[in-house]
Amino acid sequence: MSKIYGSAEEALDGLLFDGMLIAAGGFGLCGIPEMLIDALVESKVKDITVASNNCGVDGFGLGKLLDTKQIKKMMSSYVGENAEFMRQYLSGELELEFNPQGTLAERMRAAGHGIPGFYTKTGYGTQIAEGKEVKVFNGEHYILEEGIFADVSIVKAWKADETGNAIFRKTARNFNPPAAMCGKVCVMEVEEIVPVGSLDPDCIHLPGIYVHRLIQGEHEKRIEKVTTREKKEA
């Protein structure tokens, strides 16, 4: 059965429901699944929890789902660069579960490998540890973090073959692989789909076994903060 779908809407068909947990790849505006996010907006699915490093920026990326009030809770490391994110959180409209970046990535990766939880020193003695089990190993305190088992993962890759073996472009290889792994169903958008055998097996970042549905399309790739110098100084 082919994993390739004609559009983001088709690829998400039958997967969405109110109150679901979605793991989203990307970091800021780098490597984000733009087309799938737009399809989520159009779907009108609501009360969703999103596990992602941050929530895009105002009006773009996951920020679009904030504008439509479709997100009930964010599981994130960073809330900067998005005024609406901060406004909704401070006003009590949005739930927020803070995670250190490494912990968030490992919670996704752990779930993708069938590991329900792990102990880490990160966050011990802070608000991050409140309500969590603590154990002592070799005289050091560790807190229990649970794996993130998402209903659906949405990620973006640079290239993939027809079976879903994927390569991510530079820093887009941040949260995309672990986010892809932790979903019951992974939907991946790519810039280019190539025939099986076209990719060097040693260069594969994500095995196709984790990917269930594929779409190809054009991406805006907006720059979060444009910083330039005068040409004579460059």
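**Figure 1. Helix α2 is mostly covered, with seven of its ten residues buried.** This view, like the others, comes from a predicted model. The buried set in α2 is Glu34, Met35, Leu36, Ile37, Ala39, Leu40 and Val41. These residues pack against a mix of helices and strands: α1, β1, α3, β8, β10 (183–194) and β11 (213–216). As general background, an α-helix has 3.6 residues a turn, so residues three or four places apart point the same way. Just past the end of α2, look for Lys44, which takes a positive phi of about 70 degrees.

**Figure 2. The largest nonpolar core has 30 residues.** Which residues have the most contacts inside this core? They are Ile48, Leu65, Ile71, Met74, Phe85 and Ile154. The elements giving two or more residues are α1 (8–12), β1 (21–24), α2 (34–43), β2 (48–51), α3 (63–67), β3 (71–76) and β8 (150–161). Helix α2 gives the most, with six residues. Apart from this core lies another one of 27 residues, and Met108, Ile148, Val155 and Ala157 are among them. For the general picture, nonpolar side chains tend to be buried together in soluble globular proteins.

**Figure 3. Zooming in on Leu65 and what it touches.** Setting aside residues up to four places away in sequence, Leu65 touches Ile37, Leu40, Val41, Ile48, Gln70 and Ile71. Three names here should ring a bell from the α2 view: Ile37, Leu40 and Val41 are buried in that helix. Ile48 and Ile71 also turn up among the residues with the most contacts inside the largest core, as does Leu65 itself.

**Figure 4. Arg87 and Glu93 meet in a salt bridge through their side chains, at 2.8 Å from N to O.** Are these two buried, partly exposed or exposed? Arg87 counts as partly exposed because its relative accessibility is 37%, and Glu93 is partly exposed too, with a relative accessible area of 37%. Next, compare a pair with a buried partner. The side chains of Arg107 and Glu97 meet in a salt bridge at 2.9 Å, N to O. That pair links distant parts of the chain, with Arg107 in helix α5 and Glu97 in strand β4 (residues 95–98), ten residues apart. Arg107 has a relative accessible area of 7%, so it is buried, while Glu97 sits at 22% relative accessibility and therefore counts as partly exposed.

**Figure 5. Lys135 and Glu133 meet in a salt bridge, and shared partners build a network elsewhere.** The side chains of Lys135 and Glu133 come to 3.8 Å, N to O. Lys135 is partly exposed, given its relative accessible area of 37%, and Glu133 gets the partly exposed label as well, at 38% relative accessibility. Salt bridges that share partners join Lys69, Glu84, Arg87 and Glu93 into one network. A search of the whole structure finds 13 salt bridges. In general terms, side chains of opposite charge can pair when their charged atoms come close.

**Figure 6. Met86, Tyr89 and Leu90 form a nonpolar patch on the surface.** Together they have about 330 Å² of accessible area. Leu90 is found in helix α4 (residues 83–90). Why does Leu90 count as exposed? Its relative accessibility is 71%, and the exposed label needs over 50%.

**Figure 7. Pro116 lies in the loop between α5 (101–112) and β5 (117–120).** Pro116 counts as exposed because its relative accessibility is 59%. Which residues does Pro116 contact, leaving aside its neighbours within four places in sequence? Glu145, Glu146, Gly147 and Phe149 make up the list. Take Glu145 as one of them: Pro116 and Glu145 are 29 residues apart in sequence and 8.7 Å apart in space, C-alpha to C-alpha.

**Figure 8. Stepping back, the protein chain has six helices and eleven strands.** Its radius of gyration is 18 Å, close to the 17 Å from the globule rule for 234 residues, so the chain is as compact as a globular protein of that length. Along the principal axes, the C-alpha atoms fill a box of roughly 50 × 50 × 40 Å. Of the 234 residues, 48% count as buried. The chain exposes about 11800 Å², with carbon and sulfur atoms supplying 50% of it. Among contacts with a separation of 6 or more, residues 24 or more positions apart account for 72%.

Methods: Residues numbered from 1 in each chain as written. Predicted model: local features only at pLDDT ≥ 70, side-chain atom pairs only at ≥ 80, totals over all residues. Heavy atoms only, no water. Patch = residues over 30% accessible without salt bridge, like charges linked within 9 Å, V, L, I, M, F, W, Y side chains within 5 Å. Areas by Shrake-Rupley, 256 points an atom, 1.4 Å probe, with all protein chains shown as cover. Salt bridge = Lys/Arg side-chain N within 4 Å of Asp/Glu carboxyl O. Helix = DSSP H or I, 4+ residues; strand = E, 2+ residues; numbered from the N terminus. Buried < 20%, exposed > 50% of the residue type's maximum accessible area, 1.4 Å probe, protein only. Contact = heavy atoms within 4.5 Å. Rg over C-alpha atoms; globule rule 2.2 N^0.38 Å. Core = buried A, V, L, I, M, F, W, Y, C linked by side-chain atoms within 4.5 Å.
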